[in-house]
Amino acid sequence: MFRVRVLATQEENVLIAKAARKQGLSVSQFVTRVIRNLGRNLNPGKIAPRKPRSPRPKRSFRKKPKS
C-alpha cells in the first residue's frame, strides 16, 4: 500500500472533481483508480534504471597546465 499526493492547480482540481462526478466516484476514489490503471499500463522495461552516483567526482581528461 502506498500514498499518492496529487499536486494540481485549482483549475486542474476542478477538472479532476468533474471527471470523478461523471463516473459517480469521490475524488479520492477516482484518483486511486487512475493511479492503479496507470501502474498497470506502465511498461517497466521502458523506464531507464537510475544509476547510483559515484562517491568521488569525475576526473577531467583535460591536461592541467604546468605551473
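Buried means under 20% relative accessible area, exposed over 50%, and partly exposed in between, with a 1.4 Å probe and protein chains only. The model is predicted, so local features need pLDDT of at least 70, side-chain atom pairs count only at pLDDT 80 or more, and totals for chains, interfaces and linings use all residues. Residues are numbered from 1 along each chain as its sequence is written, and side-chain values use heavy atoms, without hydrogens and water.

**Exercise 1.** Classify Val31 as buried or exposed, and place it in the fold.

Solution.
- Start with the helix: Val31 lies in H2, residues 27–41. Helices are DSSP runs of H or I with at least four residues, numbered from the N terminus.
- Next, the area: Val31 has a relative accessible area of 18%, so it is buried.
- Then the neighbours: leaving out residues up to four places away in sequence, Val31 touches Val6 and Ile16. Contact means heavy atoms within 4.5 Å.
- Finally, the whole chain: 7% of its 67 residues count as buried.

**Exercise 2.** Determine how H1 and H2 are arranged.

Solution.
- Take the angle: H1 and H2 pack at about 90°, with axes 9 Å apart. Axes are lines fitted to C-alpha atoms, for helices over the stretch in contact, and angles run from 0 to 180 degrees between N-to-C directions.
- Classify it: H1 and H2 are therefore roughly perpendicular, a class that covers 65 to 115 degrees.
- List the contact: Ile16, Ala17, Ala19 and Ala20 of H1 meet Val27, Phe30 and Val31 of H2.

Definitions and conventions
Helix = DSSP H or I, 4+ residues; strand = E, 2+ residues; numbered from the N terminus. Parallel < 35°, antiparallel > 145°, perpendicular 65-115°, else oblique.
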